[in-house]
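Here is a friendly walk through one protein chain, from its overall make-up to a few residues worth a look. Keep the viewer open as you read.

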Amino acid sequence: MAYHALLYAHCHVPVHTVIILLRPEAAHSNMNGVIRYAPRPGRGSMEFSYEVVRLWERPADELLRADLSVTPLAVLGRLPENLSLEEGLTVIVQRLVERVTKEAPPDRAGKLVTEAFLLSGLRLPRDAAARIFQGVPAMQESDTYLAILEEGEEKGQEKATRASILAFGEERLGTADEPIKEQLSNVTGLDRLMRMVRRAAKAASWQEILDTP
């Protein structure tokens, strides 16, 4: 399965090549189903044909009924009408979870649901995707899912700490200009940011705060 690149094979038996496009942004105008290659005009050429599958045009129900390994792609399919994006994905995820937990052993079910969660990030912000999958038993044992949630929580704490640094610094040093804000936005690591908060309470310049090790 190819996501954004064409995979093809040259052999002595017919090969059917398929490109699966995950979202509209990948649908370039030059994807017309044919690749022609002629290194030197008049010296021979090759031509390959391929099928383009645009997932957002395929009904999610159809993908849910496909082979079990295909079901995670349902979150990128065409959703039920008259529902918001989040509502439609919630319906599809519920049906996906119901099928994979019924037909797959627990470890594989967890992997399939985790794949669906990661793919849903192509359509929704991470926090919205997390709301949809929250409470799914298979996800509570997924190391990948839990790591993503922990990463999101840490980033939220870092963002709040940067806001505190700006508040303390502007109280003493005046409004921070855009270069200062940009440098601050690139600082990562909650421990260092907390040290910068303490430095901001007594620093004589913005650079002194930014130079906090």
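## Overall make-up

Of the 213 residues in the chain, 35% are buried. Please keep in mind that this is a predicted model. The chain has nine helices and four strands. Read along the sequence, the four strands come before the helices, in the pattern β-β-β-β-α-α-α-α-α-α-α-α-α. Among the contacts with a separation of 6 or more, 52% join residues 24 or more positions apart.

## Helices 2, 3 and 4

Two packed helices are described by the angle between their axes and the distance between the axes. Start with helix 2 (residues 85–103) and helix 3 (residues 106–120), whose axes come within 9 Å and cross at roughly 160 degrees. Because angles over 145 degrees count as roughly antiparallel, helix 2 is roughly antiparallel to helix 3. The crossing of helix 2 with helix 3 is right-handed.

Which residues in helix 2 meet helix 3? On the helix 2 side they are Leu96, Val97, Val100 and Thr101, and on the helix 3 side their partners are Ala109, Leu112, Val113 and Ala116. By class, this contact of helix 2 with helix 3 holds seven nonpolar residues, one polar and no charged.

Next comes helix 4 (126–133). Helix 3 and helix 4 pack with their axes 9 Å apart, at an angle of about 150 degrees. That angle makes helix 3 roughly antiparallel to helix 4. Helix 3 also passes helix 4 in a right-handed crossing. Here Val113, Ala116, Phe117 and Ser120 in helix 3 meet Ala129, Ala130 and Phe133 in helix 4. The contact of helix 3 with helix 4 divides into six nonpolar residues, one polar and no charged. Val113 and Ala116 appear in the contact with helix 2 and again in the contact with helix 4.

## The nonpolar cores

How many residues does the largest nonpolar core have? The largest core has 32 residues, and those with the most contacts inside it are Leu22, Leu55, Val75, Val100, Val113 and Phe133. Helix 1, helix 2, helix 3 and helix 4 are the elements that give two or more residues to this core. Apart from this core lies another, of 13 residues, among them Ile165, Ile180, Ala200 and Trp206.

Some of these names link back to the helix contacts. Val100 in helix 2 and Val113 in helix 3 belong to the meeting of those two helices, while Phe133 is part of the helix 4 side of its contact with helix 3. Val75, for its part, touches Leu89, Ile92, Val93, Ala116, Leu119, Ser120 and Arg123, not counting residues up to four places away in sequence.

Ile180, in the 13-residue core, is found in helix 7 (residues 178–185). Ile180 counts as buried because its relative accessibility is 11%. Leaving aside neighbours within four places in sequence, Ile180 is in contact with Trp206 and Leu210.

## Four residues to look up

Now for some individual positions. The table gives the relative accessibility of each.

| Residue | Place | Relative accessibility |
|---|---|---|
| Gly33 | loop between strand 1 (18–21) and strand 2 (34–37) | 10%, buried |
| Asn82 | loop between helix 1 (60–64) and helix 2 | 78%, exposed |
| Arg99 | helix 2 | 19%, buried |
| Ile180 | helix 7 (residues 178–185) | 11%, buried |

Is Arg99 buried or exposed? Arg99 counts as buried because its relative accessible area is 19%, and buried means under 20%. Not counting neighbours within four places in sequence, Arg99 is in contact with Leu64, Arg65, Ala66, Asp67, Leu68 and Thr71.

Asn82 has a positive phi of about 65 degrees although it is not a glycine. At 78% relative accessibility, Asn82 is exposed.

Gly33 is in contact with Phe48, Ser49 and Tyr50, leaving aside its neighbours within four places in sequence. Gly33 and Val52 lie 19 residues apart in sequence, with 6.6 Å from C-alpha to C-alpha. For Ile180 and Leu210, the separation is 30 residues in sequence and 8.3 Å in space, C-alpha to C-alpha.

Technical notes. Residues are numbered from 1 along each chain as its sequence is written. This is a predicted model: local features need pLDDT of at least 70, side-chain atom pairs count only at pLDDT 80 or more; totals for chains, interfaces and linings use all residues. Side-chain values use heavy atoms; hydrogens and water are left out. Axes are lines fitted to C-alpha atoms, for helices over the stretch in contact, and angles run from 0 to 180 degrees between N-to-C directions. Angles under 35 degrees count as roughly parallel, over 145 as roughly antiparallel, 65 to 115 as roughly perpendicular and the rest as oblique. A crossing is left-handed if the near helix is turned anticlockwise from the far one by less than a right angle, and right-handed if clockwise. Contact means heavy atoms within 4.5 Å. Ala, Val, Leu, Ile, Met, Phe, Trp, Tyr, Cys and Pro count as nonpolar, Asp, Glu, Lys and Arg as charged, and the others, Gly among them, as polar. Buried means under 20% relative accessible area, exposed over 50%, partly exposed in between (1.4 Å probe, protein chains only). A nonpolar core is a set of buried Ala, Val, Leu, Ile, Met, Phe, Trp, Tyr and Cys residues joined through side-chain atoms within 4.5 Å.
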